[in-house]
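Subject: Structure handover

Dear colleague,

Here is the structure for your files. My notes on what was found in it come after.

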Amino acid sequence: MGFPKSNGNAADRLYWDVSQAGISRNLVKAELVSSVSWLIKLRWIAGAGVLIATWAVHILLRVGAPVAVLSAIGVAILLYNTFFFISERRAKQRGASEDEFQSLAIWQTALDWLAMTLLFHYSGGVESPAIWYFIFHIIIAAIFFPRHTAFLLSILAILLVSGTVLLEYIGLLPHHPLENYLPVSLYQSPLYVLGVLGFFSTTAIFVTFLVGSIQERLRRREAEVIQLSEDLQRTTVRLQAINQISKVVGSTLDLKQVLERLVETTAKAMEVRACSIRMLDKSNRYLEPVAVYGLSQTYINKGPVDALTNPLAKETLSGKVVNIPNAPQSPLLQYPLEARQEGIQSMLSAPLMGKSGPMGILRVYDVKANRFNKEDEDFISAIAAQGSIAIENAMAYQAMSELDKMKSQFIQTATHELRSPVSVTRSLLRTITAGYVGEVSEQQKEILERATRRIEFLQRLIDDLLDLAAGKVGSLLGDDLQPIPLKEVMERIIARYEIPAREKQIELKFECQCDTESLYVKATEDSLDRVFNNLISNAVKYTLSGGKVVIKMDTLDSEIHIAVQDTGIGIPEEALPRLFQEFYRAPNAKELAAEGTGLGLAITKDIVQRLEGRITVESKVNVGTTFHVFLPRVRETVQQ
Ligand code: ATP
Ligand code: MG
């Protein structure tokens, strides 16, 4: 078999061959083929042996014999063997069937026995030493043919030998004695004839029995080995299947995808018509179909499945694999008629067990009755166990993502509500400080200014939180990303810091080593402003007076690289891993500047990633810090 050929879907990458049923047949055929070739090889020796023996006996030992006839038999053996040799070659090339090899074997046996009988007759009949060669043929027959055929053949041998001997005895067949070998009249001696025939017959029967018994034992063993190897292969295939399923199912955390892949891969691995997953709903009472492969919509919507009353669901959810060999007749089915209409005959249900109890049911369906056995039960149980883990993981991930989204939404709503009272307070403070509502003493002014600074910090915190929340829910950038000329944006931002830098006696420089025409990134101006404003403000903020801040820009193959470099206080090594976390501020930064939200870098990283770029940092305490930003470069310079 094999799965339907791949259409690029991950599930279709599952492939394995389960033609194990063919193993034993193939072995039988292989044995037959090799036996036929073995016989052909032996026969070359036999034919040549007859010729050599005839001439040796005649010339060397001077035994009188019908040399011409015996030689003719030898030649005939070689000739028909040549014919078999060619036929066997052709049969092999053609990949001929087992039957063809079988008939080749039968024809060979028939001709061999004929040749043997002739040899026996022309070399002295009952006096012939060749009589014992018949035993070889009997052994070969006992090896190749089933036991009863071997017995029939050995009786045939006895009949052929006895017939020849008796016909010679009564004179119906001429006697061809070997001269100078045995007394020529022996064939007429009843006692001798009886003795030879008696011993020959018992030897023939006994040999057949003996070889047959050994052969039978060997065949039994062989069958056991074949059975074992079939079992092993089936187990391997199933293990591979489980492995593949867990790989395919585990390659995503999207619950819908996990469920869909699970039903599809299970159906394919078990070679069944359909597979479904029903999960318990929130009330833990009804089983809802959540993923289906190979079933009609009518069947899926056949009616509610109540976990408390549906007998099959009840039994499965109690933790058992339930095998239904004849679905339309099963008392466990709540909808037997619908199953019949769908063409379903067999079903196999396995529970999907979560950490806190049953979650649902994995079920396979097939159009054949009695389709599933114990192995299938074990198999689906293993898949259900694997699947349950994947489902639980995906569910946990989904719950986490929802929580994260909720958190962001909460921050967004809360900070939004805080924004207007804070900005109103700020302008009220400014009105008082400016003296519009009456004289303000120096002391009052100082307190008011401190309050203003605090309220400004609060406003910035709110703005950052809002941005962060907006970024996390994906609306900061919006859908309208467009090519933005980065160099111009950078120049604008840097210009903003010229006065603060000069006041702090910090040298601020911008170096651009690139061809200006093609420096475009796909972004929004706001997002770029946010990213580089944060980085440059940090550089200026965390650099002591007399220091230097250099912004460098250069182009890589498909990216633009911007480095914001300072000679400031640096970042302690242990702070680096937490740098981009929300609200994190390194101890040396807190010491230098009490005010700071620790949100700037979190927002920066979030935006850079959304722009499909990356940000890295290198720093040494009291030496300086460099942030590297890489953004994908877009080549089209056309602006909307
Ligand atoms: P805010 O941005 O609200 O003023 P912040 O600057 O402390 O606060 P981030 O911009 O997120 O917050 O920076 C986080 C921390 O990273 C800083 O507190 C500081 O410890 C460290 N950091 C960032 N940039 C530099 C830099 N150029 N030199 C030294 N430390 C830096
Ligand atoms: Mg900052």
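**Helix 17 and what follows**

Helix 17 is followed by E612, a residue with a positive phi, near 65 degrees. Please keep in mind throughout that this is a predicted model. Helix 17 itself covers residues 600-610, and eight of its 11 residues are buried, so the helix is largely enclosed by the rest of the structure. The buried residues in helix 17 are G600, L601, A602, I603, T604, D606, I607 and V608.

**Other positive phi angles**

As background, most residues other than glycine have a negative phi. Two loop residues go against this, and both are described here in turn.

E271 is not a glycine, yet its phi is positive, at about 55 degrees. E271 sits in the loop that runs between helix 7 (255-270) and strand 1 (274-280). With a relative accessibility of 39%, E271 counts as partly exposed, because the partly exposed class runs from 20% to 50%.

N284 is not a glycine either, and has a positive phi of about 65 degrees. N284 belongs to the loop between strand 1 and strand 2 (287-293). Its relative accessibility is 53%, so N284 counts as exposed, the cut-off for that class being over 50%.

**The chain as a whole**

The chain contains 17 helices and 12 strands. Its radius of gyration is 47 Å, well over the 26 Å that the globule rule gives for 640 residues, so the chain is more spread out than a compact globule. The C-alpha trace spans about 160 × 65 × 45 Å along the principal axes.

How is the chain divided into domains? There are domain 1 (10-229), domain 2 (251-392), domain 3 (403-472) and domain 4 (482-634). The centres of domain 1 and domain 3, taken over C-alpha atoms, are separated by 109 Å.

Of the 640 residues, 44% count as buried. Among contacts in the chain with a separation of 6 or more, 68% are between residues 24 or more positions apart. The exposed area of the chain is about 34500 Å², and 58% of it is supplied by carbon and sulfur atoms. As for charge, the chain has 66 positive and 69 negative side chains. The centres of these two sets lie 3 Å apart.

**Single residues in helices**

I also looked at some individual positions, given here in sequence order.

- V69 is in helix 2 (residues 67-94). V69 has a relative accessible area of 31% and is partly exposed. V69 and L337 are 268 residues apart along the chain, and their C-alpha atoms are separated by 81 Å.
- E498 is in helix 14 (residues 498-503). At 41% relative accessibility, this glutamate counts as partly exposed. E498 and T252 lie 246 residues apart in sequence, with 49 Å between their C-alpha atoms.
- N533 is in helix 15 (residues 525-541). The relative accessible area of N533 is 17%, so this residue is buried, the limit being under 20%. Apart from neighbours within four places in sequence, N533 is in contact with I493, R496 and Y497. N533 and R419 are 114 residues apart in sequence, and 21 Å apart in space from C-alpha to C-alpha.
- P587 is in helix 16 (residues 587-592). P587 has 51% relative accessibility and counts as exposed. P587 and P572 are 15 residues apart along the chain, and 8.5 Å separate their C-alpha atoms.

**In brief**

The points to take from this are the following. The chain is more spread out than a compact globule, and 109 Å lie between the centres of domain 1 and domain 3. Helix 17 is largely enclosed by the rest of the structure, and E612 after it has a positive phi. E271 and N284 also have a positive phi.

Regards

Definitions and conventions: Residues are numbered from 1 along each chain as its sequence is written. Chains are lettered from A and ligands numbered from 1 in the order in which they are written. This is a predicted model: local features need pLDDT of at least 70, side-chain atom pairs count only at pLDDT 80 or more; totals for chains, interfaces and linings use all residues. Side-chain values use heavy atoms; hydrogens and water are left out. Helices (H or I, at least four residues) and strands (E, at least two) are DSSP runs, numbered from the N terminus. The radius of gyration is taken over C-alpha atoms; the globule rule is 2.2 Å times the number of residues to the power 0.38. Buried means under 20% relative accessible area, exposed over 50%, partly exposed in between (1.4 Å probe, protein chains only). Contact means heavy atoms within 4.5 Å. Accessible areas come from the Shrake-Rupley method with a 1.4 Å probe; for residues, only the protein chains shown count as cover. Lys and Arg count as positive and Asp and Glu as negative; His and the chain ends are not counted. The place of a charge is taken as NZ of Lys, CZ of Arg, CG of Asp or CD of Glu. Domain bounds come from an automatic or database domain assignment.
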